[in-house]
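Subject: Handing over the structure

Dear colleague,

I am passing this structure on to you, and below it you will find what was found in it. Please have the sequence and the 3D view open while you read.

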Amino acid sequence: MRNSFRRLAPLLVMLFITWCATIAHLGIPLPPRKITAQEAEKIPTGEANRWIAKSEFGIHQAILSGPAFERGIAWGRFTRDLLERQEEVLVEQFQGFFPSRFVQWGLLLAVKRWFWGMSDFLEPEWLEEMQGVSFSASPKFASYGDPYARQLASHALHEIGQMFVDYGPPNFACTVLAVPQEKNWLIGRNFDFEGGRIFDDEKIMKWVFPEEGIPFVSVIWAGMVGAVTGVNQKGVFISINAA
C-alpha cells in the first residue's frame, strides 16, 4: 500500500500543478479589444468629458459621454489616483486578513476559478468601459492580476459582500428610505460595504451620456461602471441593496 502511494504521489503532484497552471492561465479574462497601453494613451479624453473635484461642490463629479471604451479611458484618467488608493486599501485589508503569502496565493487561485467566465454574464458595453478604465490602473498590484482582470474582480466584490449578508448577522444589510415629495420621491440610502474610509470620503457623482441608451447619474466609486445608486433621464431609480 505504501509503495503504491509512493508511485502515485509524483503523478498526483503533477496533476495538481497542471490544474493550478490551467486555472492561472484560463482564469485571465480576455479584454474585448486588442489594443496596447501605448495605443490607448494616444486616445483623446474628449472635450465633453469633464472632472469636477469635490472642493467645488462637496462631492467629486465626472461627466462622461460617447462610446463606452472612450468613456472608460476618460473615467480612468480622471480617477487614476483614487483607483490606486482604493486598491491600496483593499490589498492592505486582504494582507491583514491573510498574512501568509502562500495562503494569499491559494485564495487568489480559488478566486480565479470562482469568477472564471464572469465576463460572459456582463454586457459588452460594460466590458468595453472596464477595459478603458484598466489602462489607468496602477502597475503596483500586478502580482494580484492584470489591470483588466482586477477591474472585473473589483466589480464582483459586492457578490462577496452579499455572501456575508446571506450567512451573517440578520441585521447586516443596506437600507433605503423613500419619502414622496409631490410628484417626485426623495430617496436616501446607506451602503453597508466596509472597504475602508476612502469608500466613504471619495464617492463620485457620475453623469453618463452614452452614445446609445438613456443618460443617467449614479453615486459611485472610482472606476466602477453602471450604477450603484442612480436614476436615469426617464426617472427610473436603481439601488443595489444586499438582502
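For what follows, contact means that heavy atoms lie within 4.5 Å. Among contacts in the chain between residues at least 6 apart in sequence, 61% join residues at least 24 apart. Please keep in mind throughout that this is a predicted model.

The chain as a whole

The chain has 243 residues, of which 33% count as buried, and it holds 10 helices and 8 strands. About 15400 Å² of the chain is exposed, and 62% of that area is supplied by carbon and sulfur atoms.

Strand 5 and its partners

Strand 5, which covers residues 204-210, may be a good place to begin, with a covered face made of I204, K206, V208 and P210 and an uncovered one made of M205, W207 and F209. Strand 2 (residues 60-66) pairs with strand 5 in the parallel sense over 7 bridges, and within this pairing A62 has K206 of strand 5 as its bridge partner. Strand 6 (residues 216-220) also pairs with strand 5, in the antiparallel sense and over 5 bridges, with I220 in strand 6 as the bridge partner of I204. Strand 5 and strand 6 form a hairpin, with 5 residues between them, and G213 in the turn has a positive phi of about 110°.

Two covered helices

Helix 7 (residues 124-134) is mostly covered, since 8 of its 11 residues are buried; these are L127, E128, E129, M130, Q131, G132, V133 and S134. What do the buried residues of helix 7 pack against? They pack against helix 4 (68-78), helix 5 (80-97), helix 8 (147-155) and strand 5. Helix 4 in turn has 8 of its 11 residues buried, so it is largely enclosed by the rest of the structure, and the buried residues of helix 4 are A68, F69, R71, G72, I73, A74, W75 and G76.

Aromatic rings and a nonpolar patch

Counting pairs of aromatic rings whose centres lie within 6.5 Å, the count comes to 7 aromatic pairs. In one of them, the rings of F199 and W221 have their centres 5.6 Å apart and their planes at 85°, so the pair is edge-to-face, given that planes over 60 degrees apart count as such. F199 lies in helix 10 (residues 198-201), whereas W221 lies in the loop between strand 6 and strand 7, so the pair ties together parts that are 22 residues apart in sequence. Both F199 and W221 are buried. Elsewhere, ring pairs link F94, F97, F98 and Y144 into a cluster.

F97 and F98 also belong to a nonpolar surface patch of about 580 Å², which they make together with F102, V103 and W105. Helix 6 (residues 101-114) gives the most to this patch, with 3 residues. V103 is found in helix 6, and V103 counts as partly exposed because its relative accessible area is 37%, which lies between the cut-offs of 20% and 50%.

Three single residues

Is T229 buried or exposed? T229 has its place in strand 7 (residues 229-232) and is buried, because its relative accessible area of 15% falls under 20%. Not counting residues up to four places away in sequence, T229 touches R189, V217, S218, V219, F237, I238 and S239.

L186, which is found in strand 4 (residues 184-190), is exposed, because its relative accessible area of 52% is over 50%. Leaving aside its neighbours within four places in sequence, L186 is in contact with L177, A178, V179 and Q181.

The last residue to look at is E182, in the loop between strand 3 (175-181) and strand 4. Most residues other than glycine have a negative phi. E182, although it is not a glycine, has a positive phi of about 55°, and with a relative accessible area of 85% E182 is exposed.

With best regards

Methods: Residues are numbered from 1 along each chain as its sequence is written. This is a predicted model: local features need pLDDT of at least 70, side-chain atom pairs count only at pLDDT 80 or more; totals for chains, interfaces and linings use all residues. Side-chain values use heavy atoms; hydrogens and water are left out. Patches are made of residues with over 30% relative accessible area and no salt bridge: like charges are joined within 9 Å, nonpolar side chains (Val, Leu, Ile, Met, Phe, Trp, Tyr) within 5 Å. Accessible areas come from the Shrake-Rupley method with a 1.4 Å probe; for residues, only the protein chains shown count as cover. A salt bridge is a side-chain nitrogen of Lys or Arg within 4 Å of a carboxyl oxygen of Asp or Glu. Helices (H or I, at least four residues) and strands (E, at least two) are DSSP runs, numbered from the N terminus. Buried means under 20% relative accessible area, exposed over 50%, partly exposed in between (1.4 Å probe, protein chains only). Two strands pair if DSSP finds at least two bridges between them. Rings of Phe, Tyr and Trp (its six-membered ring) pair if their centres lie within 6.5 Å; planes under 30 degrees apart count as stacked, over 60 as edge-to-face and the rest as tilted.
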